[in-house]
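Colleague: Could you take me through one part of this model up close? I'd like to start with a single residue and then see the aromatic rings.

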Amino acid sequence: MTPAALADLHAASFETPRPWSKEEFEDLLKTPGVFLCSGAARFALGRIILDEAELLTIAVAPSRRRAGHGRQLLETYEAEARSLGAATSFLEVSAEN
């Protein structure tokens, strides 16, 4: 997925906190340790630091929800994080989300 496609899907998936821009995705994808797992109308963006993975964001198009796509995506994310050396993974969530 391109940074523009990521931003479009993020905007369709989130209002609060605000969706990330194409430029923010471009910058993140250039950051060492950041990895992307994506499929049709879904993506997960993670970051590896030492042996720890952080799920930065995950999005599934609203029209594709409640069909197991998020679960499959999270399984792909976890497998990729392990393959990159992560022993643990975490997610921080905003109180508004």
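Modeller: Sure, let's start with His-69, which sits in helix H3, residues 69-83 (helices are DSSP runs of H or I with at least four residues, strands runs of E with at least two, numbered from the N terminus). Keep in mind that this is a predicted model, where local features need pLDDT of at least 70, side-chain atom pairs count only at pLDDT 80 or more, and totals for chains, interfaces and linings use all residues. Residues are numbered from 1 along each chain as its sequence is written, and side-chain values use heavy atoms, leaving out hydrogens and water.

His-69 has a relative accessible area of 16%, so it counts as buried (under 20%; exposed is over 50%, partly exposed in between, with a 1.4 Å probe and protein chains only). Its side chain makes a polar contact of 2.7 Å with that of Arg-42 (a pair of N or O atoms within 3.5 Å, where within protein one must be able to donate a hydrogen and the other to accept it, and residues adjacent in sequence count only if both atoms are side-chain atoms).

Now the rings: there are 3 aromatic pairs here (Phe, Tyr or Trp rings, using the six-membered ring of Trp, with centres within 6.5 Å; planes under 30 degrees apart are stacked, over 60 edge-to-face, the rest tilted). Phe-25 and Phe-43 have ring centres 5.7 Å apart and planes at 85 degrees, so they pair edge-to-face. Phe-25 belongs to helix H2 and Phe-43 to strand S2, 18 residues apart. Phe-25 is buried at 0% relative accessibility, and Phe-43 is buried at 0% too.
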